[in-house]
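Here is a friendly walk through one protein model, for anyone meeting it for the first time. Take a look at the picture, then read on.

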Amino acid sequence: VEAKTRYREKIAVINGRDPFAGCPEGPSGAVPPVEASDLVSYLVLQTSFISPKQFKARKSLEAYNQFVCGWVKDVRMWKTAGKYLTTGRVRHSQRFNETLLACWIIIEETGEVCCAHCNYMAGLGEACTHIASVLFYLEATARIKGKQTCTQSECTWIIPAFQQKVEYLLIKNIDFTSAMGKKRKLDRCSSSKL
């Protein structure tokens, strides 16, 4: 009963719409401005709704590895009721063949995490590793949003002074041998000719 009451309190922030029931107004792609400090603030410093003690969920900070390993799937972001709503699915850490866990996070326009929920049994505490994994995904997305990578535009890297132009080649025509490998090959060729 207490968990249901808390769930209703959390979704009341977004006009009582259940994030697991589907997208509020259709995906908008609105990326919440989550920063690393927002992650720490929520996962470690924020107090639990169960007791006035801090979460201190430092173990959740290890969820970065889950994010990097690609365990976070199907992340969707919307803006609703003046807040960002994000849903995502995350792989179990111990049971890989089971269904992915669903979680959602409500974030203020400032990037501060308002509340979160996961359908894993530890998710009722609102600071499990699955929620943290999605938060790391959001932080990375917000950080790289709008930035171009060096391969998306021509000539963003400095061409060595001794070369005037670098020709584009098919990947099969590029020699990826390291400098040390080329030196060994040269040494073998020169020693065989002696």
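Helices and strands are named here from DSSP runs, a helix being H or I over at least four residues and a strand being E over at least two, with numbering from the N terminus. With that in hand, let us begin; please keep in mind that this is a predicted model.

**A helix and its charged patch**

Helix α5 covers residues 179–192, and Arg188 is found in it. Is Arg188 buried or exposed? The cut-off for exposed is over 50% relative accessible area, and Arg188 has 55% relative accessibility, so Arg188 counts as exposed. Arg188 also has company: together with Lys182, Arg184 and Lys185, Arg188 forms a positive surface patch.

**Three strands side by side**

Now turn to strand β2, which runs over residues 83–90. Seven of its eight residues are buried, so the rest of the structure largely encloses β2. On one hand, β2 pairs with strand β1 (residues 72–80) in the antiparallel sense, over seven bridges. Within this pairing, Thr86 in β2 stands opposite Met77. On the other hand, β2 pairs with strand β3 (residues 101–107), again antiparallel and over seven bridges. Here Leu85 has Ile106 in β3 as its bridge partner.

How many residues lie between β1 and β2 in their hairpin? There are two, and Ala81 in the turn has a positive phi of about 55 degrees. Ala81 also brings us to another part of the chain. Ile14 and Ala81 are 67 residues apart in sequence, yet their C-alpha atoms are 5.4 Å apart in space. Ile14 sits in the loop between α1 (2–12) and α2 (36–45). With 1% relative accessibility, Ile14 counts as buried.

**Salt bridges**

How many salt bridges does a search of the whole structure find? The search finds five. The table shows three of the salt bridges, with the N to O distance for each.

| Positive residue | Negative residue | N to O distance |
|---|---|---|
| Lys79 | Glu109 | 3.1 Å |
| Lys83 | Glu108 | 3.1 Å |
| Arg143 | Glu139 | 2.9 Å |

Let us take them in turn. Lys79 and Glu109 form a salt bridge. This pair links distant parts of the chain, since Lys79 is in strand β1 and Glu109 is in the loop between β3 and β4 (113–118), 30 residues apart. Lys79 is partly exposed, at a relative accessible area of 36%. Glu109 is partly exposed too, with a value of 45%.

Next come Lys83 and Glu108, whose side chains meet in a salt bridge. Lys83 belongs to strand β2 and Glu108 to the loop between β3 and β4, so this pair ties together parts that are 25 residues apart in sequence. Lys83 counts as buried, at 14% relative accessibility, whereas Glu108 is partly exposed, with a relative accessible area of 23%.

The salt bridge of Glu139 and Arg143 takes us to helix α4 (residues 129–144). Why are these two residues separated by about one helical turn? Because Glu139 and Arg143 are four residues apart in that helix. Glu139 is buried, with a relative accessible area of 12%, while Arg143 is partly exposed, with 43%.

Methods. Residues are numbered from 1 along each chain as its sequence is written. This is a predicted model: local features need pLDDT of at least 70, side-chain atom pairs count only at pLDDT 80 or more; totals for chains, interfaces and linings use all residues. Side-chain values use heavy atoms; hydrogens and water are left out. Patches are made of residues with over 30% relative accessible area and no salt bridge: like charges are joined within 9 Å, nonpolar side chains (Val, Leu, Ile, Met, Phe, Trp, Tyr) within 5 Å. Accessible areas come from the Shrake-Rupley method with a 1.4 Å probe; for residues, only the protein chains shown count as cover. A salt bridge is a side-chain nitrogen of Lys or Arg within 4 Å of a carboxyl oxygen of Asp or Glu. Lys and Arg count as positive and Asp and Glu as negative; His and the chain ends are not counted. The place of a charge is taken as NZ of Lys, CZ of Arg, CG of Asp or CD of Glu. Buried means under 20% relative accessible area, exposed over 50%, partly exposed in between (1.4 Å probe, protein chains only). Two strands pair if DSSP finds at least two bridges between them.
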